[in-house]
Amino acid sequence: MTRQSIEDRILTHSQPVALPEPPASPPPQRSPGWRLARNTALLGAFAVLVAAAVVLSFRLYPALGTFVAGTASAQAQAPMQGKPAEAVPAPVDASANKNPFQAHVAQAGVRTCANLFAAMGQALTAGSTYAIQTQWDKTSPDTHAVQAVAGMSYNLPDYKTQAAGVVFASPVGQSCEGGFMRVAPFPRSCQEVAGTLPKGSLLADNLSNTMLFNLADNAGQALLVPTGNTCIVVSVARMGG
């Protein structure tokens, strides 16, 4: 398998009146023990205020606490079916064993966005061994967004590296919308990487000397970030369903 084919798969006063000042008198001498007691009291008062603010924040914004509490982690091996620069979600096979994305939405009680979230998760991690942590709203999971952060490892003959990504989905009425972003390094110049993008991909913009491509077949976008002799490919895609 050639390097290009592998990368294709992965890719605001007034003045005050002065008052006469009283005769100056020397300041009272304070002992070191007094200073220690004062500082201790100030620190104690500050700690009480911080603790009170934390408690108050959770009373006023309970969703913050419940969202953090609704998490799950998992690891899996994804089949090869895409590339970092191409973002076509694969269909979810309901008859197959549940992958971590499917298992987490089932565990959370997410229904409206279950299929879209799982499909985009599969597209994000295609061809890698990956681990994810998924977060959702614990009190009302099916009416709020669900999100997963992924760490990925590629171990292919000509492509061995680490990558990372984020996938999310959120209900919109009776349907769902979502997207993902993948960050993957390639050991070559961005000009070379641009030549390996799917045929029909077009240069859309140059963002501060960073090339942005619209990928062929409405497969998302790829931002090519030059870093020395390496090109960091940031792939983004969105989908509704």
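In this predicted model, S201 is in contact with N214, L215 and A216 once its neighbours within four places in sequence are left aside. S201 itself lies in the loop between α6 (190–194) and β6, and because its relative accessible area is 16%, below the 20% limit for burial, S201 counts as buried. Two polar contacts can be described for this serine: its side chain reaches the backbone oxygen of P198 at 2.7 Å, and a polar atom of the side chain lies 3.2 Å from the backbone nitrogen of A216. A216 therefore appears both among the residues in contact with S201 and as a partner in a polar contact with the S201 side chain.

Two loop residues in the following part of the chain deserve attention for their backbone angles. Most residues other than glycine have a negative phi. N209, in the loop between β6 (202–206) and β7 (211–214), has a positive phi near 65°, and D217, in the loop between β7 and β8 (221–227), has a positive phi near 60°. Are these two residues buried or exposed? N209 counts as exposed because its relative accessibility is 65%, and D217 is likewise exposed, with a relative accessible area of 74%.

A further positive phi, near 80°, belongs to G127, which follows helix α5. Helix α5 comprises 12 residues, 114–125, which at 1.5 Å a residue should span 16 Å, and the 17 Å between its end C-alpha atoms agrees with that expectation. Because 11 of the 12 residues of α5 are buried, the helix is largely enclosed by the rest of the structure. Among the buried residues are L116, F117, M120 and L124, together with Q122 and T125. The elements that cover the buried residues of α5 include the helix α4 (100–108) and the strands β2 (129–135), β3 (146–156), β4 (159–172), β5 (175–186) and β9 (230–240).

The structure also holds two disulfides, whose geometry is set out below.

| Disulfide | Sulfur–sulfur distance | Angle about the S-S bond | Handedness |
|---|---|---|---|
| C113 and C176 | 2.0 Å | 110° | right-handed |
| C190 and C231 | 2.2 Å | 100° | right-handed |

What does the link of C113 and C176 tie together? C113 lies in the loop between α4 and α5 and C176 in strand β5, so this disulfide joins parts that are 63 residues apart in sequence. Both C113 and C176 are buried. Strand β5, which holds C176, is also one of the elements covering the buried residues of α5.

In the pair formed by C190 and C231, C190 lies in helix α6 and C231 in strand β9, so the bond ties together parts that are 41 residues apart in sequence. C190 is buried, with a relative accessible area of 7%, and C231 is buried as well, its relative accessible area being 0%. Strand β9, where C231 is placed, is again among the elements that cover the buried residues of α5. When the bonded cysteines of the chain are numbered in sequence order, the pairing reads 1-2, 3-4.

Technical notes. Residues are numbered from 1 along each chain as its sequence is written. This is a predicted model: local features need pLDDT of at least 70, side-chain atom pairs count only at pLDDT 80 or more; totals for chains, interfaces and linings use all residues. Side-chain values use heavy atoms; hydrogens and water are left out. Helices (H or I, at least four residues) and strands (E, at least two) are DSSP runs, numbered from the N terminus. Buried means under 20% relative accessible area, exposed over 50%, partly exposed in between (1.4 Å probe, protein chains only). A polar contact is a pair of N or O atoms within 3.5 Å; within protein, one must be able to donate a hydrogen and the other to accept it, and residues adjacent in sequence count only if both atoms are side-chain atoms. Contact means heavy atoms within 4.5 Å. The expected span of a helix is 1.5 Å times one less than its number of residues. A disulfide is a pair of cysteine sulfur atoms within 2.5 Å.
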